[in-house]
Amino acid sequence: MIITMTLNPALDKTLVLAEFHPGMVNRVKSIRRDAGGKGLLVSKSIEALGGESVAISIVGGATGQYIRGQLDEMGIQNDLVEVNTETRTNLKIIDNLKKTYTEINEPGAPVHQMVVDEAVYALESHVRKGDAVVLAGSLPEGCKMETYAEIIQYLKDLGARAYLDCDGEAFKLGVAAKPHLIKPNKYELAELCGCDPEDDIACLQEAKRLVAGGVGNVLLSLGSYGAIYVGENFCLRAQGLKVPVIGRSGAGDAMTAAMVLGEEKGMPPEERLRYAIASASAKIMVAGTQPPERETVEELLPKVVVTDMKG
């Protein structure tokens, strides 16, 4: 079973404008609303790719009910902890003329640690030995920074696999707990390790160092340039694909979804990486934070070039 945890979810509202004029009145051409937050986006992508997951999160108010309704409509099993505060809304602004993508993300209302503990209890009620658990996104205000690290240790003791995708102090502490896989971008890796984010060789060496130090795997996202995937017995590089860019947000979550789903299916590392790149590329071809289309992923798979960098 695959389980995702999103402790700071959001409603992603995407506005498309003919041209965005800061400081002036702007007319919206189209709008869409999507259940958001990194873990929920992973669950949505897993469902779109033909897999199944259980989404665990904390929701509140009318926004929270909208998120619940969308997950139910998509057929995604969920276990949501309800609170009295309104779930945050993240705004995405697409300027069709300048081809720019602007994100304005709310921090989210503070959450008492007891609420977080309830969500962790929900996770513990679902997870079993051999399961895969994706811990993704920011922690809400009021949540202790050690939360992900403590969950990772619990999962390791149980015999489940932890996939971590976050940043800042929560990421640093989570990495120290040595999860099965981490998925930083080069800036998050640089902040963690103190290397130059523009130095590809240094980033690669740091990824190898993390694996040698006990982290199971590192999936280093390089944006449009693809990704590097490092494990104990492999070191792979995939080139990015040139595709029409419509909605960038959520591409990394589609990559994570394909990676964990590919591992569940028993794909070898090279095929998992190819699947991850194709899924991320397919995601940016659709608007908002809706998941990638499965047919597009299948079309892109043969185009992904993976190179063995081991040595």
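**Notes on the empty space and the cores**

1. A first thing to look at is the largest cavity, which holds about 120 Å³ of space. This is a predicted model, so please read everything below as computed from it. A search of the whole structure turns up two cavities of 30 Å³ or more.

2. Who sits around that largest cavity? Its lining has 14 residues, and Asn8, Glu86, Thr87, Ala109 and Val111 lie nearest the centre. Strand E4 (residues 54-60) gives the largest share of this lining, three residues. By class, the lining splits into seven nonpolar, five polar and two charged residues.

3. The second largest cavity has about 40 Å³ of space. Its lining is made up of Leu41, Lys44, Ser45, Ser249, Gly250, Asp253, Lys283, Thr289, Gln290 and Pro291. Helix H1 gives the most here, with three residues. The class count is two nonpolar, five polar and three charged.

4. On to the open sites. The largest pocket has a volume of about 1,200 Å³, and 44 residues line it. Nearest its centre you'll find Lys38, Arg248, Gly250, Ala251 and Gly252. Gly250 also appears in the lining of the second largest cavity, so to speak a name to keep in mind when you browse both sites.

5. Which elements build the largest pocket? Those giving two or more residues to the lining are helices H1 (38-48), H6 (186-193), H8 (251-264) and H9 (269-283), plus strands E6 (89-95) and E7 (100-105). H8 supplies the largest share, four residues. The lining as a whole divides into 14 nonpolar, 17 polar and 13 charged residues.

6. The second largest pocket offers about 210 Å³ of space. Around it are Val16, Ile94, Asp95, Asn96, Lys99, Thr100, Tyr101, Val245, Ile246, Arg248 and Ala287. E6 and E7 each put in at least two of these residues, and both strands also contribute to the largest pocket. Arg248 is another link, being listed here and among the residues nearest the centre of the largest pocket. The lining counts six nonpolar, two polar and three charged residues.

7. Last, the packing. The largest nonpolar core has 51 residues, and Leu7 and Leu164 touch the most other members. Beyond its neighbours within four places in sequence, Leu7 is in contact with Ile58, Val116, Ala119, Leu139, Pro140, Cys143, Thr147 and Tyr148. Apart from this core lies another, of 37 residues, including Val42, Ile46, Val134 and Ala258.

Key: Residues numbered from 1 in each chain as written. Predicted model: local features only at pLDDT ≥ 70, side-chain atom pairs only at ≥ 80, totals over all residues. Heavy atoms only, no water. Core = buried A, V, L, I, M, F, W, Y, C linked by side-chain atoms within 4.5 Å. Buried < 20%, exposed > 50% of the residue type's maximum accessible area, 1.4 Å probe, protein only. Contact = heavy atoms within 4.5 Å. 1 Å grid on protein atoms, 1.4 Å probe; cavity = no way out; pocket = protein on both sides within 12 Å on 5 of 7 lines; lining within 4 Å. Points joined across faces, edges and corners; volume = space filled by probe spheres on them. Nonpolar A, V, L, I, M, F, W, Y, C, P; charged D, E, K, R; others polar.
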